[in-house]
Every structure is written in C-alpha cells, then in structure tokens.
Amino acid sequence: MKRKEIRLSGAGGQGMILAGIILAESSLFDPELYVVQTQSYGPESRGGATRAEVIVSREPIDYPKVVKADILVCLTAESLNKYGQEVAAGGVVIADDSFAGEDYSPPEGVEFYSLPIIAKARDEIGLEVTANMVALGAVDHFLPEIDSDCLEQAIEKRVPEGTEEKNLAAFRTGQQLLSARV
Amino acid sequence: MKNKAGDKIKENQARIMLLQGDEAVVEGGLVAGASFFAGYPITPASEIAEGFAEKLPALGGKFIQMEDEIASMGCVIGASLAGEKAITATSGPGFSLKQENLGLGIMVEAPCVVVNVQRVGPSTGLPTSPSQGDVMQARWGTHGDHPIIALSPSTVKETIDLTIKSFNMAEKYRIPVILLLDEIVGHMREKVRIPSAAEVEIVERKRPRPEDREEFNPYQETEDHIPPMPDYGQGFRYHSTGLFHDKTGFPRGKSEDARLLMDRLMAKIDENLDDIILLEDDLKGDEEVVVLSYGSTARSAISAVTRARQEGLKAGWVKLMTVWPFAEDYVARLADRVKEIVVPELNRGQLIGEVERAACGQAGISGIHRYDGTIIPPDEILDKIKEVS
C-alpha cells in the first residue's frame, strides 16, 4: 500500500487535532501499519485555522508531512480555501455543508462531498463539539486500511471521561452520512 | 547502586504506543534509569518536563521545576555528582542560558543529559517552528576548548534509542551529552515500541571501590582517561571545581595541570570515536551524489533519494545520529569517491562547514538551507540532486 495522506482542518476548538490523534492511535491495533501524525501549533491552533495531518502506510514513512492529501476534511470555509486544491488525484474532499458549495471546485479526479457534519452533531447528538467525531465517521468510509472497531476503541480511549457514548454516537452518525449516499 | 526509576521500569513489559518525540525522551530516559529532572518549561520542549513531572515521582525519582535554566543546569550537575541519572530539557533561549553551567559539567565530568528541542532563533525567534540552528551552539556554546557529545534523532523511535544512548554515553565517558531534537521530531507522533530495560544495554558510571576511600583522588588519570566517580556523601573526599585542578580535585594554579586535564578531557572522547559516532547510510557504491543530513531533515533526504533512484539517478543518503564529535573520517572517505555531497539543513549553513572541512575539496558540496520555520520538502532536495548529477 502506498502511503495515504489525511488532512483534517478547521478552526481552533473544533477538535480536529484530537480527531487526528485518534485516527493515528487507531493504527496501534494493526502491527503492520506505520503512522505519523503532525499538527499545527501556536496561536493558530487557539482560534484561527488549525490542522492535523495523519499519514498511514504499510512501509516506513519518511517525509512526515502531507504533500497532497488523499483525504481532506474541512470544517470551515477558510480551511477549504487554504487546502482545497492540495488534494491528490483520486482523493476525496469532505466539507461541512454550511459553507461548502458553489464557489469551490475540486481538482480534477477528486470527489467532493458536502455533508451536514456540524448540523448532525448539533441536532442529533446535541453537542456541536462532537462534529470532529462525525467527520471521523465520514473519513472511516474512505479508510479501508483501518478497522472501524479500532477507531471506536481509540475514540473511547482518548475522549474525556463520561463523553464516550456521545462521541461514539457522533462517529456512527458520520459513518451513516456516507453509507446512505455512496 | 542507584537506579530507582530504571528498576521499576524493568518490571514492565515492552509497550507499543503512539508517542510524540518529546514523550519519547521521557520514555527512553526512564528505560535508561533517569532518576532526576530539573528544568524550566519552554515551547517546544515543555512536554518533556510534563512527562517527567508526571512519571518520576511515582517511580521514586525527583522532578524539580527551577526558577530558570541556569539554576536547572546547576541542579542537574549537583544531582549527577550525588549519583543520580539526571536530565534537563529546553529550547534555544534556555539552551543559551545553560551554556555556562554546561562548561562546569564538562569540567567536573558530571554525567548528565541536556535536551534541546530546537526552534527558530535567535532570541525568542519562532517558538513553535522547527530549526537546526543550535548545532554550532551545541559544539561551541560554552567557552573554552572542550569535548562534547551531541546526538540528533530523526524519528520518534530514534528518539527513544538515542535518549538511552545519551545516558549511556554520559555515564560511560563522564560528560554532559546534548540531545538535539527539532520541533518536528519533538511534536510529531509515531507508533513506537518502547523496549523494556532488560532488552537494552544500560551503562552505569564506573564507581571506586569502598576500600579506596582513604587514598582516593577523584581526578586520577586512568588508562581509559575516565576516573571512577563516587556519589557525594559516600565518604570519599571529593572536591569539584570549575577551575583547572589536579588529581585531588583542588586547583593549584599550575599551567601543567591545565594542559594535563584538557588533554585528558579530550582524549576520553577522541580515543572512542568509533563507539560514539553513530550514523546510518544507504549507499550502493556507485553514487555520484550523496545527501548528508540529520534530524527531521533526514526524512526529506531519504524520500528525495528514493525518488531520485526511481528516476535512475545514482544517489545515496547518509544520516548522522551523532552530530558531535563530527564524523570527519567518514566524510573524508565519502568525498574521495563521490562527485557531490548535498547538505540540507534548517539553518543558514552550520554543519555544512564541517562537511567542507572534512571533504577538503575532494567533492563538491552544496547546501539547501531554510531558516523560516518550515521543513525542507523532498522536492527541493530532489531538484538539487538533479542539478548536481
């Protein structure tokens, strides 16, 4: 398997970095999967645009940063503007439907999904901060390398105590967003 | 023999975890038997202090947050003289402050580990961005001629291994060892296996025999130039000073003492270069261009060389894990048989000067330098390989 690059982006506080760590940690259950996770630091991670990057591969990973994402998640218009064109052919862009629409056109050969990520977190789970887990559920659809059960175990391990059920419910809601459409 | 933290860890099994480089320093340190940390938090090294603060007390070790980096370094030397395996961690601004006491550590031959997770300088610079700008400060930051060992990892796994090696070399050669991370390695997370202490070689300093107490000279020349070191408080008469001293540890103000001590300090490192210099290479023997790098930059270099070979170019890579002492003989031999050595660095050109000196005109040397807080992408190195091939 060639390396697969995933970039999760949004605004500080939306939990994209936690989602990146959970995604990376889910690889622990597969002894043959290599993983590297990096993230933006500093003032930008406390309010402005923020991003987490995860690379998974069956071979040792040299360059640790995303060059062209195979999966890009954007929870803000700003992040879609910033990263929307840095996507590999054959890749996917998943963006929140509150802003994603007419003025974005994905690069050639890239599939684009505008999904109600934040709305589902707010209306179905009752907690907008679980949008990161809804997004992760959508990502799961494009990550056959990682077992969904492993992602769920990683979520249980990393989210704040007492919020496990809400976060798992958000993850499953995210999974359904795509299985219903694709 | 004290190894409180290490003994507890030995009971544990090897573990597979997702760890940041900074966290790997903590885990590697504990495997090596680290029992003491004194420091002052600073981005991007704070996670190291946090980790030791959490773990050391529970293992019977000590964590102290000091008032500043000068005091931290003094504290680490004191703990080392008292028999502890001591470590501190900082970044550029704090590393500058540690320099004076780093010299004291070299002079009194106190084994300890000083971690510097490099960020862009000078001054407070770019606190959250990677740099390799402290390579020369690691070598020459403290005043006067002196030996130093500095290791630099490029992956989280290597950070564990080189932290253990740093403690081992510090104990073996009675010298402060500098572990140079950069912000990329410090903050990236990778899946790693943390070995149990039983699986790895753990070195303890040579200590004098109890029966040597009466006739003890703490700085007596030995065959390997490394005098045995008692823990303070064990009944050995023992004086430590930053002044040049004779075998008794007391200064006599004689020029002969200065020369003998300096020669011994240098000899204990110079006579063990094969043990101290760690590097990895991937060379097939027909290279025209070799990329020589260290730290996170090595990852871009390896990626670029892999692609260059796929395109039919005769390229190879060398990754230095020991930055100081510099692998002079190795580079001299390499320069004899290749056309060009490419040196990517996250600075305006520091280690490249050593490469030029060692190559002595036998190969072309080109640098790729970034000092804006961004990492060198593989494309840039690949372009350079093509340009000089």
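Start at the interface of this predicted model: select the residues where the two chains touch, and 16 residues of chain B are found in contact with 16 residues of chain A. On the chain B side, the elements that each supply at least two residues are strand E1 (15-20), strand E6 (126-130), helix H8 (183-187), strand E9 (189-194) and helix H11 (297-310). H11(B) gives the largest share of that side, with four residues. Colour the chain B side by residue type, and it divides into eight nonpolar, four polar and four charged residues.

Stay at the interface and select strand E2 (residues 34-39) of chain A together with E9(B). The two strands pair in the antiparallel sense over two bridges. For a specific place to centre the view, take Gln37(A), whose bridge partner in E9(B) is Arg189(B).

Next, show chain A alone. Chain A has six helices and six strands, and along the sequence they follow the pattern β-α-β-β-β-α-β-β-α-α-α-α. The radius of gyration of chain A is 15 Å, close to the 16 Å that the globule rule gives for 182 residues, so chain A is as compact as a globular protein of that length. Along the principal axes, the C-alpha atoms of chain A fill a box of roughly 40 × 40 × 40 Å. Of the 182 residues in chain A, 48% count as buried. Among the contacts in chain A with a separation of 6 or more, 58% are between residues 24 or more positions apart.

Now colour chain A by confidence. The average pLDDT of chain A is 92, and 93% of the residues score at least 70. Confidence in chain A is highest in strand E4 (residues 69-74), at 98, and lowest in helix H2 (residues 77-83), at a mean of 92.

Return to chain B for its backbone geometry. Most residues other than glycine have a negative phi, and most peptide bonds are trans. The next four stops depart from that pattern.

- Select Thr43(B) and Pro44(B): the peptide bond from Thr43(B) to Pro44(B) is cis, with omega near 0°. Pro44(B) sits in the loop between strand E2 (36-39) and helix H3 (46-55) of chain B.
- Select Gly121(B) and Pro122(B): a cis peptide bond joins them, with omega about 10°. Pro122(B) is in the loop between strand E5 (112-120) and E6 of chain B.
- Select Arg174(B), a residue other than glycine with a positive phi, near 50°. Arg174(B) lies in the loop between helix H7 (156-173) and strand E8 (176-182) of chain B. Is this residue buried or exposed? Arg174(B) counts as buried because it has 24 C-beta neighbours inside 10 Å, where the cut-off is 20 or more.
- Select Cys360(B), where phi is again positive, near 50°. This residue is in the loop between helix H13 (351-359) and strand E15 (364-369) of chain B. Cys360(B) is exposed, with 12 other C-beta atoms within 10 Å.

Cys360(B) follows H13(B), so that helix is the last selection. Which residues of H13(B) are buried? They are Leu351(B), Ile352(B), Glu354(B), Val355(B), Ala358(B) and Ala359(B). Look down the axis of H13(B): these buried residues fall within an arc of 155°, so they line one face of the helix. An α-helix has 3.6 residues a turn, so residues three or four places apart point the same way. To see what the buried residues of H13(B) pack against, add helix H6 (135-140), strand E11 (289-294), strand E13 (322-324), helix H12 (328-337), strand E14 (340-345) and E15 of chain B.

How values were computed. Residues numbered from 1 in each chain as written. Chains lettered and ligands numbered in written order. Predicted model: local features only at pLDDT ≥ 70, side-chain atom pairs only at ≥ 80, totals over all residues. Contact = placed C-beta atoms within 7 Å. Nonpolar A, V, L, I, M, F, W, Y, C, P; charged D, E, K, R; others polar. Pairing = 2+ DSSP bridges. Arc of directions from axis to C-beta. pLDDT = per-residue confidence, 0-100. Rg over C-alpha atoms; globule rule 2.2 N^0.38 Å.
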